[in-house]
Amino acid sequence: MSSLHLHQLCKHYGSVKAVDHVSLHATAGSRLAIVGPSGSGKTTLLRMIAGFEFPDSGSISLNGQTLAADGRALPAHLRRIGYVAQDGALFPHLTVADNIGFGLTDKGHARQQRIAELVEMVALDQHMLQRWPHELSGGQQQRVALARALAQQPQLMLLDEPFSALDTGLRAAMRQMVAQLLGEAGISAILVTHDQAEALSFADQLAVMRQGRLIQSGTPQQLYSQPADETTALFLGEALILPAQVKAGQAQCALGEIAVNDGQFCGAGRIMLRPEQLTLQAEAGAASAVMAQVVECDFGGHSSLLSLRLPELASPLQLRSASWPLPARGSMVALTVQGRAHLLPA
Ligand SMILES: Nc1ncnc2c1ncn2[C@@H]1O[C@H](COP(=O)(O)OP(=O)(O)OP(=O)(O)O)[C@@H](O)[C@H]1O
């Protein structure tokens, strides 16, 4: 199992700081997801780890071996790092078998046996071995790309948005299969994705990038419940952000008095709640409940977007809720908050 260290990595393209002093540690056997908006430097970071790009400064080491430092870098083919790209990047002029076996040094029967093992690992049918890449579906192509990367017995697997071209159901199934497969083989993985839900479900470590910089890293649960700032909060999911007066670990806000996760701060601040922390009922119930009027209700299947007017807020609060039956427009509902609010930095 391998452990990856990135130290103060920088990469410029002309005046663009694609990666700006990024330091990150991924523990052995972990699944790290790197998320961030388009152009935030995710792919550049991955390509430097793979050895397809070289850092301007900083260092990369894997399992105690230096891959890049002080202007010197180990060539990609000596790194034992697998790379699966968005489109699979299969060789179109080679069959599935030859794509998978491309980097194998085994010959004859041993080669065929290894290819058959790899095909089984990625749950493809053996009868597909003689097909051409264009005769496969998107999901099958990604399985071949994964098998080709696994053939090298990598210490680390880099996944650059490998599921993004697949439809939603297949995407989730592929993600689970890849996570399980890599876990069983003890291979660490780094997934780059735009999709926060994918990152939260795949990863045991999450890193958020913006404008080339690492904004925050930690477990998915930590980042979801305690984001470093408002942009990160909204990037990782829906959030209610409210002004509040905070004192002694309690926030006074439009939803009443709520415990916050910071006992030290005192003064005017902003707090964040995730929608699932709010319970909505037709009647007042708990003493801590705050009454709100339903201004709009946008039906959305398993959850709906409610617009709620609260006496202390100038504009309505937007809340996604799975409550059933849906409250009627104009009706009053009682809101109660579960758990603590997160105090956002000033
Ligand atoms: N080869 C290159 N030449 C010049 N600029 C580049 C090159 N590769 C990346 N960049 C720039 O570096 C920045 C980071 O790009 P990068 O592809 O790493 O971002 P990303 O987060 O992976 O984006 P996306 O999610 O859209 O793939 C962008 O401003 C991009 O335009």
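## Asp70 and Gln153

Asp70 sits in the loop that connects β5 (65-69) and β6 (72-73). In this predicted model, the phi angle of Asp70 is near 50°, a positive value in a residue that is not glycine. Most residues other than glycine have a negative phi. Is Asp70 buried or exposed? Asp70 counts as exposed because it has 10 C-beta neighbours inside 10 Å, and the limit for an exposed residue is 12 or fewer.

Gln153 also has a positive phi, of about 50°, and is not a glycine. Its place is the loop between α4 (138-150) and β8. Gln153 is exposed, because 10 other C-beta atoms lie within 10 Å.

## Overall make-up

The protein has 346 residues, of which 37% count as buried. Its secondary structure comes to eight helices and 21 strands. Taken along the principal axes, the box filled by the C-alpha atoms is roughly 75 × 50 × 35 Å.

How are the contacts spread along the sequence? Of the contacts between residues at least 6 apart in sequence, 64% join residues at least 24 apart.

## Two domains

The protein is divided into domain 1, residues 4-232, and domain 2, residues 238-344. The C-alpha centres of domain 1 and domain 2 are 39 Å apart. Four residues from domain 1 and four residues from domain 2 take part in the contact. On the side of domain 1 that touches domain 2, two residues are polar, two are charged and none is nonpolar.

Another distance involves Ala197, a residue of helix α6 (residues 196-202). Ala197 and Thr336 are 139 residues apart along the chain, and their C-alpha atoms are separated by 26 Å. Ala197 is exposed, because 11 other C-beta atoms lie within 10 Å.

## The six-stranded sheet

One open sheet has six strands in the order β7-β8-β9-β3-β10-β11, with mixed pairing. Which strands form its edges? They are β7 and β11 (213-218), each of which pairs on one side only. On average, neighbouring strands of this sheet are turned by 15° against each other, direction ignored. Helix α4 packs on the sheet and touches β7 and β8, and the direction of α4 makes about 170° with that of β7.

At one edge, β7 pairs with strand β8 (residues 156-160) in the parallel sense, over four bridges. Val84 has Leu159 of β8 as its bridge partner. Strand β7 (residues 81-84) is covered on both faces. Ile81 and Tyr83 are buried on one side, and Gly82 and Val84 are buried on the other. At the other edge, strand β10 (residues 205-210) runs antiparallel to β11, and five bridges join the two. Here the bridge partner of Met209 is Leu214 in β11.

## The five-stranded sheet

Another open sheet has five strands in the order β16-β20-β17-β18-β19, and its pairing is antiparallel. Its edge strands, β16 (278-281) and β19 (317-321), each pair on one side only. From one strand to the next, the twist averages 45°.

Within this sheet, strand β17 (residues 290-298) and strand β20 (residues 332-337) run antiparallel and are joined by four bridges. Met291 stands opposite Ala334 in β20.

## Around the ligand

Which residues are around the ligand? They are Tyr13, Val16, Ala18, Gly36, Ser38, Gly39, Ser40, Gly41, Lys42, Thr43, Thr44 and His194. By type, the shell around the ligand has three nonpolar, eight polar and one charged residue.

Strand β2 (16-26) and helix α1 (42-50) each supply at least two residues of this shell. The largest share, three residues, comes from α1.

Methods:
Residues are numbered from 1 along each chain as its sequence is written. This is a predicted model: local features need pLDDT of at least 70, side-chain atom pairs count only at pLDDT 80 or more; totals for chains, interfaces and linings use all residues. A residue is near a molecule or strand if its C-beta atom, placed from the backbone, lies within 6 Å of it. Ala, Val, Leu, Ile, Met, Phe, Trp, Tyr, Cys and Pro count as nonpolar, Asp, Glu, Lys and Arg as charged, and the others, Gly among them, as polar. A residue is buried if 20 or more other C-beta atoms lie within 10 Å of its own, exposed if 12 or fewer, and partly exposed in between; C-beta atoms are placed from the backbone. Two strands pair if DSSP finds at least two bridges between them. Axes are lines fitted to C-alpha atoms, for helices over the stretch in contact, and angles run from 0 to 180 degrees between N-to-C directions. Two residues are in contact if their C-beta atoms, placed from the backbone, lie within 7 Å. Domain bounds come from an automatic or database domain assignment.
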